[in-house]
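Here's a walk round a ligand and the residues that hold it. Have the viewer open as you read.

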Amino acid sequence: MLTSRLRLRAPDEGDIDFVVDMYSRYEVVRYIGRGEVQTTREEAAERIQRYRSQFGPSAGVWLIEEQNTDDDAAVGFALLKPIPFSEGIEGEQDVEIGWHLHPRAWGKGYASEAAQALVDHARAQGLKQLVAVTHADNAASQAVAARLGMTHQDSTDRYYNTTCELFTLDL
Ligand SMILES: CC(C)(COP(=O)(O)OP(=O)(O)OC[C@H]1O[C@@H](n2cnc3c(N)ncnc32)[C@H](O)[C@@H]1OP(=O)(O)O)[C@@H](O)C(=O)NCCC(=O)NCCS
């Protein structure tokens with residue numbers, strides 16, 4: 001997938017160094033999952049495998065690359081995938097959109113540009129709604145959701161066995 005400045009593609013083993021570099025930084029992981037850095041090549045390889053396994057007609061975890069760079073083109077990940085319900089929650093599966101960028105690529109509009117491409121992709125695939133969830137303190141991520149035109153619904157316990165801020169977008 002191409003945007004004006006970026007290319008989105010499936011990650012592979014050649015991206016291990018980038019994944020180690022990015023997810024070993026506290027400022028990247030502090031609001032993701034358990035907020036723990038990952039520093040080993042084994043963890044990076046597992047993450048790439050997990051991301052690769054999530055590709056489907058309207059789902060995936062794409063590596064984001066700058067188009068106009070030869071070396072170190074990778075800048076982060078953008079995702080579209082079924083979001084796990086918290087224990088005890090049942091219902092129709094919701095689809096999550098998300099974004100993780102390397103700090104050297106923050107402040108350039110790359111997360112919003114990549115995510116907009118996934119919104120367009122989701123719409124083209126016939127999806128009717130996307131959700132995004134963020135930690136209450138993750139203002140940078142909430143700003144991306146707002147730039148995409150998502151609506152802030154409130155906090156929710158529906159997903160990931162935790163409390164998050166919920167954003168939705170009708171497609
Ligand atoms: C969340 C995250 C992706 C946001 O990154 P970001 O760079 O702030 O977001 P965007 O890509 O939308 O960029 C917007 C910024 O780029 C600036 N910008 C510069 N050039 C731009 C351009 N051409 N187009 C649009 N925005 C541009 C905007 O002014 C804005 O800066 P500001 O926040 O200082 O006002 C980033 O903080 C991150 O990766 N955090 C760690 C992982 C994480 O928490 N992910 C979310 C989990 S829910």
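## Ground rules

Ala, Val, Leu, Ile, Met, Phe, Trp, Tyr, Cys and Pro count as nonpolar here, Asp, Glu, Lys and Arg as charged, and the others, Gly among them, as polar. On that scheme, the shell around the ligand has 10 nonpolar, 6 polar and 4 charged residues.

This is a predicted model, where local features need pLDDT of at least 70 and side-chain atom pairs pLDDT 80 or more, while totals for chains, interfaces and linings use all residues. Numbering starts from 1 along each chain as its sequence is written, and side-chain values use heavy atoms, with hydrogens and water left out.

## Who touches the ligand

There are 20 residues around the ligand, and Leu101, Gly107, Ala111, Ser112 and Arg147 come nearest (near means a heavy atom within 4 Å). Helix 5 gives the most to this shell, with 4 residues (helices are DSSP H or I runs of at least four residues, strands E runs of at least two, numbered from the N terminus).

Now the polar contacts (N or O atom pairs within 3.5 Å). Backbone N or O atoms of Gly107 and Gly109 each face a ligand oxygen, at 2.7 Å for Gly107 and 3.0 Å for Gly109. On the nitrogen side, a polar backbone atom of Trp99 is 2.8 Å from a ligand nitrogen.

## How covered is it?

Of the 960 Å² of accessible area that the ligand has on its own, the protein covers 67% (Shrake-Rupley method, 1.4 Å probe).

Technical notes
Polar contact = N/O pair within 3.5 Å; in protein donor to acceptor, adjacent residues only side chain to side chain.
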